[in-house]
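Hi everyone, thanks for having me. Today I'd like to take you on a short tour of the empty spaces inside a protein. Have a look at this one with me.

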Amino acid sequence: MLPSELTEERIDGDRIDRLIAEHKSGHGLTRPFYFDPEIFERDMARVFFRHWHCLAHESVIPNLNDFELFKLGAEQVILTRAGDGTVHAMLNVCRHRGAEVCTQAKGNAKAFVCPYHAWTFANDGRLKAARLMPKDFKREDHGLRKLHVRVVEGLVFISFAEQPLDFSEVENLLHATCGQYGWASAKVAHRQSYPLDANWKLAVENYVECYHCGPAHPEYSETHALEQPLHMIEALNAKMEERTCALGIEVGSGNHWQNSNNGREAIHAFRYALYDGVKTGSKDGQPLAPLMGRFPDFDGGVTSIHLGGTSFLVCYADHGMIYRFIPKTVGTCEMELIWLVDEKAQEGRDYDLEKLTWLWKVTTDEDKAIIEHTARGVVSRFFVPGPIAPMEQNELRYIQWYLDEISRA
């Protein structure tokens, strides 16, 4: 059984369905969605174990036989590059008694030996040896449980589902967006994780709206026009698109933010402008690293991508950002930020790591405080969600998508 099938049996479905039906259109989620363990179990079943997640950039395993261990909720995933160069993702659970077969955070290995009874697994998941098992034992039936993997423009995506959602629309749009920015030939410059004492949805809801950017993120708002009302953003965006076209570049966009009833993964890619004279997401708006992909110059724009409910991407002309939201418990989650630069860029020569990471470290520290303030507030028995503001249109869309995902089929 999948984890989603196990958790589904413990859910009081009628009570959750009633809360979904009572949701007030145009408003935020009510109190139970942020602290009720039964709803969290359905979140994991219907969202986390059903959808695709961006796990990493493949540059974290650059060499043959490299591996890294990732923790997602209660699950551990071993990401490997096998001897033939193919990328694999497997659950870190021995097929004998369930022990962890990979006990290091990262490294280089052709095989993993379970420390319990020494079953040995190849780095593509195959069971190579199971000592003292009977003659009729079939090794081919007891390899590590493998997850579905897609590598697109250097990004590694995984799905826990038996039958994963169709990924074709996602793949096409990633080629049209991240492909223009050269992410397939990028590398990780820095990674940083932020543990949050908050339900995972509070973290995602905060990310998808910029109504809070003006009062909460003064540093971000110095350079990014997304904190402006919609009519002002549209005017700035038109100028940005003119600059992009003048560079001979066409960056894709598209809204395929649909629920999974049609069997497809959700993705929404859109572009927005930086203020006039601002080239990238830095403290002073000036370049941080060498230009990437097809960009011969800066266009003063940003491409933002929302994917599958837990993965978010940001593309600048000289660097990129990956945001991973990872549910932990009903009241805790983790947000990982990953900074990308061109694979040929060298720290200290082509970019200063402190300057590269400054903006989003400052912004995320502020977000962590905001999210945890909210987490402590929404558990009040007197909390009643107010109406969503026009600038929070992406949050409104996300909330409705989420409710559709956890509704009974």
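Before we start, helices (H or I, at least four residues) and strands (E, at least two) are DSSP runs, numbered from the N terminus. What you see is a predicted model, where local features need pLDDT of at least 70, side-chain atom pairs count only at pLDDT 80 or more, and totals for chains, interfaces and linings use all residues. Residues are numbered from 1 along each chain as its sequence is written, and side-chain values use heavy atoms, with hydrogens and water left out.

How do we look for empty space? Rolling a probe the size of a water molecule over the atoms shows where empty space is left. On a 1 Å grid over the protein atoms alone, a cavity is a set of points where a 1.4 Å probe fits but cannot get out. A pocket is an open set with protein on both sides within 12 Å along at least five of seven lines, and lining residues have an atom within 4 Å of a point. Points are joined across faces, edges and corners, and a volume is the space filled by probe spheres set on them.

Let's begin with the closed space. How many cavities of 30 Å³ or more are there? The count is 1, and the volume of the largest cavity is about 40 Å³. Around it you will find F48, H53, C54, L72, T310, S311, R324, F325 and I326. Strand 16 (320–329) gives the most to this lining, with 3 residues, and strand 1 (52–57) supplies at least two. By class, the lining has 5 nonpolar, 3 polar and 1 charged residues. Here Ala, Val, Leu, Ile, Met, Phe, Trp, Tyr, Cys and Pro count as nonpolar, Asp, Glu, Lys and Arg as charged, and the others, Gly among them, as polar.

Where does this cavity lie with respect to the domains? Domain 1 (15–51 + 188–408) and domain 2 (53–164) both give residues to the lining, so the cavity lies between them. Those bounds come from an automatic or database domain assignment.

Now for the open spaces. The largest pocket holds about 530 Å³. Its lining has 32 residues, with V208, C210, Y220, L226 and F270 nearest the centre. Elements giving two or more residues to that lining include helix 6 (200–208), helix 10 (353–378) and strand 16. The classes here are 16 nonpolar, 12 polar and 4 charged.

The second largest pocket has about 330 Å³. Of its 19 lining residues, L202, E205, T374, E392 and E395 lie nearest the centre. Helix 10 provides the largest share of the lining, 4 residues.

Let me finish with two single residues. Is E405, in helix 11 (residues 393–406), buried or exposed? With a relative accessible area of 1%, E405 is buried, where buried means under 20%, exposed over 50% and partly exposed in between (1.4 Å probe, protein chains only). The side chains of E405 and H51 share a polar contact of 2.7 Å. Such a contact is a pair of N or O atoms within 3.5 Å; within protein, one must be able to donate a hydrogen and the other to accept it, and residues adjacent in sequence count only if both atoms are side-chain atoms.

M292 sits in the loop between strand 13 and strand 14, and M292 is also buried, at 1%. M292 and W183 are 109 residues apart in sequence, yet 7.9 Å apart in space, C-alpha to C-alpha.
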